[in-house]
Amino acid sequence: MFTLAKDRSQKGKELRVVMVESIEAAMDADDRVVALEADLGGASKFTNIQKSHPERFVQCGIAEADMVGIAAGLSVEGFRPFTHTFGPFATRRCFDQIFLSGAYAHNTLNIYGSDPGFCVGTNGGTHTTWEDMALMRSIPGAVVCDPADETQLRWIVSEFAATEGIHYIRANRKDVRNVYEPGSTFQMGKGNLLVQGSDVLLVACGQLVSEALDAAEALAEQGVSCSVIDMFCVKPLDEELLLSEAAGKKLVVTFENHGVIGGLGDACAAVLAESGCGVRLIRHGVKERFGQVGTPAWLQKDFHLTAEDLVNTVKEGLA
């Protein structure tokens with residue numbers, strides 16, 4: 001069960017620290033858990049794992065495809081590997097290895113793709129990924145998660161550490177606003193209904209859940225009642241919750257730090273279209289753009305991924 005944070009203006013720990021602490025906890029509980037890094041240990045804090053569990057840490061260097069191959073080999077031997085690098089390098093650069101050495105071979109890979117979308121900041125367009133969820137959703141049996149905050153990330157890591165299969169986590173390295181109270185638990189493949197409304201359904205994932213909640217509050221002041229779903233598990237998607245909350249609404253808007261092609265918006269669009277429910281859907285995400293250099297705050301505004309942008313999309317959709 002989950003409880004919403006009492007103060008959503010507060011931020012938790014940096015998510016890279018949360019990730020490392022969660023993997024270390026999994027290592028303490030299960031000696032099959034191992035960690036692999038692609039020469040970003042200082043930035044990701046995975047060097048802490050190297051110190052705490054040196055016998056179960058592999059520094060692979062800037063060789064992401066090799067890292068996935070090594071992880072797949074460790075899985076063959078019964079280990080539960082976690083790999084990390086930037087989102088585009090964790091997915092796009094080594095997609096064939098994930099697909100064949102991982103999924104096709106029925107191995108277990110826990111992949112952390114960090115700093116997705118605007119979170120990449122001044123690392124720029126070469127390190128920006130608007131397509132990682134699209135790639136990972138296309139793999140048969142893969143589970144794709146975009147956690148909203150520290151509490152949800154901790155829970156996801158503990159679940160993946162205990163489960164076989166291909167698992168993808170996309171998350172900021174830095175701290176994000178709290179959505180949930182510590183100790184909250186979730187259910188894989190199930191979304192969380194955070195706010196109940198009557199006019200519009202907002203479906204968000206990742207750190208944009210906070211922005212969606214802000215938008216719902218702003219719209220309520222303007223007489224527009226919104227439901228808000230945190231669809232942290234983008235695959236498998238909670239179709240039942242989506243359809244039940246879309247029923248009777250004037251509009252559904254998906255909101256993601258990802259391209260509109262192949263991500264949360266497309267996943268929801270397919271379900272709504274096939275159901276024949278007749279509710280209009282707007283996919284609010286990034287359209288036909290590459291990344292660029294800037295601070296995360298500036299990039300979030302430039303790519304129109306703020307609460308204010310979402311409010312405008314809802315108002316235009318209703319008009």
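**Figure 1. Strand β1 is enclosed by the rest of the structure.** Strand β1 covers residues 33-37, and 5 of its 5 residues are buried, so the strand is largely enclosed. Buried means under 20% relative accessible area, exposed means over 50%, and partly exposed lies in between (1.4 Å probe, protein chains only). Strands (E, at least two residues) and helices (H or I, at least four) are DSSP runs, numbered from the N terminus. The model shown is predicted: local features need pLDDT of at least 70, side-chain atom pairs count only at pLDDT 80 or more, and totals for chains, interfaces and linings use all residues. Residues are numbered from 1 along each chain as its sequence is written, and side-chain values use heavy atoms, with hydrogens and water left out. In a regular strand the side chains alternate between the two faces of the sheet. In β1, Val33, Ala35 and Glu37 point one way, while Val34 and Leu36 point the other way. All of them are buried.

**Figure 2. Strands β1, β2, β3 and β4 are joined by parallel pairings.** Two strands pair if DSSP finds at least two bridges between them. β1 pairs with β3 (residues 80-86) in the parallel sense, over 5 bridges. Two partners in that pairing are easy to find: alanine 35 bridges to phenylalanine 82, and valine 33 bridges to arginine 80. β1 also runs parallel to β2 (residues 57-59), with 3 bridges. Here leucine 36 has valine 58 as its bridge partner. β3 in turn pairs with β4 (residues 109-114), again parallel, over 5 bridges. Histidine 84 stands opposite tyrosine 112 in β4. β3 is mostly covered, with 7 of its 7 residues buried.

**Figure 3. Helix α9 has the span expected from its number of residues.** Helix α9 runs over residues 208-221, which makes 14 residues. The expected span of a helix is 1.5 Å times one less than its number of residues. For α9 this gives 20 Å, and the end C-alpha atoms are 20 Å apart, which agrees. Which residues of α9 are buried? They are Leu208, Val209, Ser210, Glu211, Ala212, Leu213, Ala215, Ala216 and Leu219. Their cover includes β7 (192-195), β8 (200-204), β9 (226-230), β11 (251-259), α12 (296-302) and α13 (307-318). Contact here means heavy atoms within 4.5 Å. Just after α9, glycine 223 takes a positive phi of about 85°.

**Figure 4. Helix α1 has many buried residues, among them Leu15 and Met27.** Helix α1 holds 15 residues, from 15 to 29. Its first and last C-alpha atoms are 21 Å apart, close to the 21 Å expected. An α-helix has 3.6 residues a turn, so residues three or four places apart point the same way. The buried residues of α1 include Val18, Met19, Ser22, Ile23 and Ala26.

**Figure 5. Five aromatic residues form one cluster.** The members are Phe2, Trp155, Tyr180, Phe186 and Phe232. Rings of Phe, Tyr and Trp (its six-membered ring) pair if their centres lie within 6.5 Å; planes under 30 degrees apart count as stacked, over 60 as edge-to-face and the rest as tilted. The count comes to 9 aromatic pairs. One of them joins tyrosine 180 and phenylalanine 186: an edge-to-face pair, 4.8 Å centre to centre, with 70° between the planes. Both partners are buried, tyrosine 180 at 1% relative accessibility and phenylalanine 186 at 10%.

**Figure 6. Arginine 173 places its charged end over a ring.** The ring belongs to phenylalanine 86, and the charged end sits 4.2 Å from its centre. A charge sits over a ring if NZ of Lys or CZ of Arg is within 6 Å of the ring centre and within 35 degrees of the ring normal.

**Figure 7. The structure holds 0 disulfides.** A disulfide is a pair of cysteine sulfur atoms within 2.5 Å. Why does cysteine 233 form no bond with cysteine 145? Their sulfurs are 4.2 Å apart, too far for a bond. Cysteine 94 has its closest cysteine sulfur in cysteine 60, at 11 Å, which is also too far. Cysteine 94 is buried at 1% relative accessibility, and cysteine 233 is buried with a relative accessible area of 1%.

**Figure 8. Three loops hold backbone angles to look for.** Most residues other than glycine have a negative phi, and most peptide bonds are trans. Histidine 106 has a positive phi of about 60°. It lies in the loop between α6 (95-104) and β4, and is exposed at 72% relative accessibility. Aspartate 115 has a positive phi near 55°. Its loop runs between β4 and α7 (132-137), and aspartate 115 is buried at 2%. A cis peptide bond joins lysine 235 and proline 236, with omega about -5°. Proline 236 is in the loop between β10 (233-235) and α10 (239-246).
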